[in-house]
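Here are some exercises to work through with the model open beside you. Try each task yourself before you read the solution.

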Amino acid sequence: MHRVNIYFHGNCLDGAVSAAIFTLFYQEKLMADAEFRYHPLAHTPGFTYDKIDFDGDDNVILDFRYAPSERVKWFFDHHATTFTEPEHRKHFERRTELPPHCFWNPSAPSNAGFLAAMLKKHYGYHLPSIGERLLVWTDMIDSASFPSPEIPVELVELAPAFASLLEGSTDPLDTEKFIADLVAGFSFDDMSHDPYWSNRLNRVRQTNWDQVEDIKRVLKLKDNVSFVDLSHSERSGYNKFIPYYLGPAALYSVAVLLYRNRYKISVGTNPWHVLKNAEPVMDIGALCESYGGGGHSAVGAIAMNMEEGQKARTTAHAIVEKLQKHVEQIKHEQAKSLL
Ligand SMILES: [Mn+2]
């Protein structure tokens, strides 16, 4: 039997939806009775494809790093960091299949949306209509461009609830079944009536509301900067939108978290705040870098090891003070421009 191996971003709604869309395309346009195997991948530090054989008859990479291998026939990704070496990019650019099999667009909000658009354009493949509606959600969720903090915090809608379920899942069967259900043509609404999913969705929503309660108890908001110290008890996840949900006046938020084997300082800009683009703009990634961390312009983090709990708290306080001074500066600039 013809076997298709799909390697995709694991614990991620975008990765799983991409895997389902590619399967539907393959069944309709290339081979109706191929066998599919799904291999979720994770962005662990130092990840390489060295240990992966690409032993399918067709090997496909979706929503994950480029692999410079002749055995990989299909590739779709939207991560800016997809090429880990300059050689990998050259390898990608040398691909000559027509119509093309390998696609990359770092400005696409989700890989699923990009994949669907390329399959339509180059292969005349049209998604079923429930799929089209799903892409509005994958775009919103993968680029974290929610119209309000209620959506990623209250998880009332099924798409962000499923996204949160997959992110926190430790059971490989969850992603496997999720893809199979989408391929079988079920909508999220259909799936939510299946006890397998309704039990898990209830748990995800409950865990999230517990987090809202935990954060509410320790949240401090002063001078438009919120601070959350959760470094005294271990946790497995942190919903970074909760501080803005509870304290919309925060332009910036800082949290100290304790995970199984490290401390983490999480820093972010409130995407719903009116001053988020006000001058001077704070580059959060650069701020975190100056303390040994990193990130993007609006979000960043600093990791510290298990012996550095006190240092993590001191550093977090220093960052809070810096951000409070920065808000003062923004307000000063604003007042000046009004004169
Ligand atoms: Mn993605």
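**Exercise 1. Decide whether Asp63 is buried or exposed, and say why.**

Step 1. Learn the rule: a residue is buried if 20 or more other C-beta atoms lie within 10 Å of its own, exposed if 12 or fewer, and partly exposed in between, with C-beta atoms placed from the backbone.
Step 2. Apply the rule: Asp63 has 29 other C-beta atoms within 10 Å, so Asp63 is buried.
Step 3. Place the residue: Asp63 lies in the loop between β3 and β4 (72–77). Helices (H or I, at least four residues) and strands (E, at least two) are DSSP runs, numbered from the N terminus.
Step 4. Look at the backbone: phi of Asp63 is near 60 degrees, a positive value in a residue other than glycine.

Before you go on, note that this is a predicted model: local features need pLDDT of at least 70, side-chain atom pairs count only at pLDDT 80 or more, and totals for chains, interfaces and linings use all residues. Residues are numbered from 1 along each chain as its sequence is written.

**Exercise 2. Use the burial rule on Asn224 and on Lys177.**

Step 1. Asn224 has 21 C-beta neighbours inside 10 Å, so Asn224 counts as buried.
Step 2. Find Asn224 in the loop between β6 and β7. Its phi is near 65 degrees, again a positive value in a residue other than glycine.
Step 3. Lys177 has 15 other C-beta atoms within 10 Å, so Lys177 is partly exposed. Lys177 sits in helix α7 (residues 172–183).
Step 4. From Lys177, go to Arg203: the two are 26 residues apart in sequence and 17 Å apart in space, C-alpha to C-alpha.

**Exercise 3. Find which strands pair with β1, and in what sense.**

Step 1. Use the pairing rule: two strands pair if DSSP finds at least two bridges between them.
Step 2. β1 (residues 3–9) and β2 (residues 35–41) are parallel and share 7 bridges. Check one position: His9 stands opposite Leu41 in β2.
Step 3. Follow the chain from β1 through helix α1 (residues 13–30) to β2, and you trace a right-handed β-α-β crossover. Right-handed means that, with the strands pointing away from the viewer, the path from the first strand over the helix to the second runs clockwise.
Step 4. β1 also pairs in the parallel sense with β3 (residues 58–62), over 5 bridges. Here Asn5 stands opposite Asn59.
Step 5. Count burial in β1: 6 of its 7 residues are buried.

**Exercise 4. Work out which strands stand at the edges of the open sheet of 6 strands, and why.**

Step 1. Read the order, β6-β7-β8-β9-β11-β10, with mixed pairing.
Step 2. β6 (220–222) and β10 (294–295) each have a single partner strand, so one side of each is left without a neighbour in the sheet. These two strands are the edges.
Step 3. See the mixed pairing: β7 (residues 225–230) and β8 (residues 252–258) run parallel, with 6 bridges, whereas β8 and β9 (residues 263–269) run antiparallel, with 7 bridges.
Step 4. A hairpin of 4 residues links β8 to β9, and Leu258 has Tyr263 as its bridge partner in β9.

**Exercise 5. Name the residues with the most contacts inside the largest nonpolar core.**

Step 1. A nonpolar core is a set of buried Ala, Val, Leu, Ile, Met, Phe, Trp, Tyr and Cys residues joined through C-beta atoms within 7 Å.
Step 2. The largest core has 50 residues, and those with the most contacts inside it are Ile6, Ala16, Ala19, Ile21, Phe22, Leu62 and Leu115.
Step 3. α1 supplies the largest share of this core, 9 residues.
Step 4. A second, separate core has 28 residues, among them Phe241 and Leu323.

**Exercise 6. Find the two cis peptide bonds at Pro99 and Pro280.**

Step 1. Leu98 and Pro99 are joined by a cis peptide bond with omega about -10 degrees. Pro99 is in the loop between α2 (86–93) and β5 (102–104).
Step 2. Glu279 and Pro280 are likewise joined by a cis bond, with omega about -10 degrees. Pro280 is in the loop between β9 and α11 (284–289).
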